[in-house]
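I opened this model to look up its fold, one helix contact and its aromatic rings. My entries follow in the order I made them.

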Amino acid sequence: MADIFDVIADGTRRDILRLLLDRSSAGERGTSVSHIVTELGASQPTVSKHLKVLRDAHLVSVREEGQHRYYSLSAAPLDEVDDWLVPFLDDDGADAADLPAATLTDSAAHAAEVVGRAAASAKHAFETALKRLPGR
């Protein structure tokens, strides 16, 4: 499997991921290849090539209905990117080495991670919704 950073380095693939995220946020259960082609203004072979790379990286899932294929975002593999980026997003200027060490049980650490990811997801959904409001 390709390195996740190599996969998302391509602008067209990022555009596809953004489109799928936006459509998922709007309640869509999947997006057809023809819709992606139309939205991006790219050729069908180009979109199909990029969708294959995204499928191989498990960033998208595909649902087949007859001859049509509908793609949806599978964001879980982006956790690797999130985990790598978090240390660089320190807003308050505190160095992690300066923070007191905390010892959590495995179940508490897992619960904290789940809550943190849910909060980040809710924050992203809220910010996306705000951007869609008229006058913003």
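I began by fixing the exposure terms: a residue is buried under 20% relative accessible area, exposed over 50%, and partly exposed in between. The model is a predicted one.

**Entry 1: tryptophan 84.** I looked up its exposure and found a relative accessible area of 48%, so tryptophan 84 is partly exposed. For the chain as a whole, I noted that buried residues make up 18% of the 136 residues.

**Entry 2: aromatic pairs.** How many aromatic pairs does a search of the whole structure find? My search gave two. In one of them, the ring centres of phenylalanine 5 and tryptophan 84 are 5.6 Å apart and the planes stand at 70°; the pair is edge-to-face because planes over 60 degrees apart count as such. I then checked where the two partners sit. Phenylalanine 5 belongs to helix α1 (residues 4–9) and tryptophan 84 to helix α5 (residues 79–85), so I recorded a link between distant parts of the chain, 79 residues apart.

I moved on to tryptophan 84 and phenylalanine 88. Their ring centres lie 4.9 Å apart with planes at 40°, so I logged this pair as tilted. Taken together, the ring pairs link Phe5, Trp84 and Phe88 into a cluster.

**Entry 3: exposure of the other two rings.** Are phenylalanine 5 and phenylalanine 88 buried or exposed? Phenylalanine 5 has a relative accessible area of 30%, which means that it is partly exposed. Phenylalanine 88 comes to 58%, so I listed it as exposed.

**Entry 4: α3 against α4.** I looked up how helix α3 (residues 33–40) packs on helix α4 (residues 44–56): the angle is about 115° and the axes are 9 Å apart. That angle makes α3 roughly perpendicular to α4. The crossing of α3 past α4 is right-handed.

Which residues make the contact? From α3 I listed Val33, Ile36 and Val37, and from α4 Gln44, Val47, Ser48 and Leu51. Sorted by character, the residues of this contact are five nonpolar and two polar, with no charged residue.

**Entry 5: the whole chain.** I counted six helices and three strands in the secondary structure. Along the sequence their pattern reads α-α-β-α-α-β-β-α-α. Last, I looked up the contacts between residues at least 6 apart in sequence, and 55% of these join residues at least 24 apart.

Note on methods: Residues numbered from 1 in each chain as written. Predicted model: local features only at pLDDT ≥ 70, side-chain atom pairs only at ≥ 80, totals over all residues. Heavy atoms only, no water. Axes fitted to C-alpha atoms, helices over the stretch in contact; angles between N-to-C directions. Helix = DSSP H or I, 4+ residues; strand = E, 2+ residues; numbered from the N terminus. Parallel < 35°, antiparallel > 145°, perpendicular 65-115°, else oblique. Left-handed = near helix turned anticlockwise from the far one by under 90°. Contact = heavy atoms within 4.5 Å. Nonpolar A, V, L, I, M, F, W, Y, C, P; charged D, E, K, R; others polar. Phe/Tyr/Trp six-rings, centres within 6.5 Å; stacked < 30°, edge-to-face > 60°. Buried < 20%, exposed > 50% of the residue type's maximum accessible area, 1.4 Å probe, protein only.
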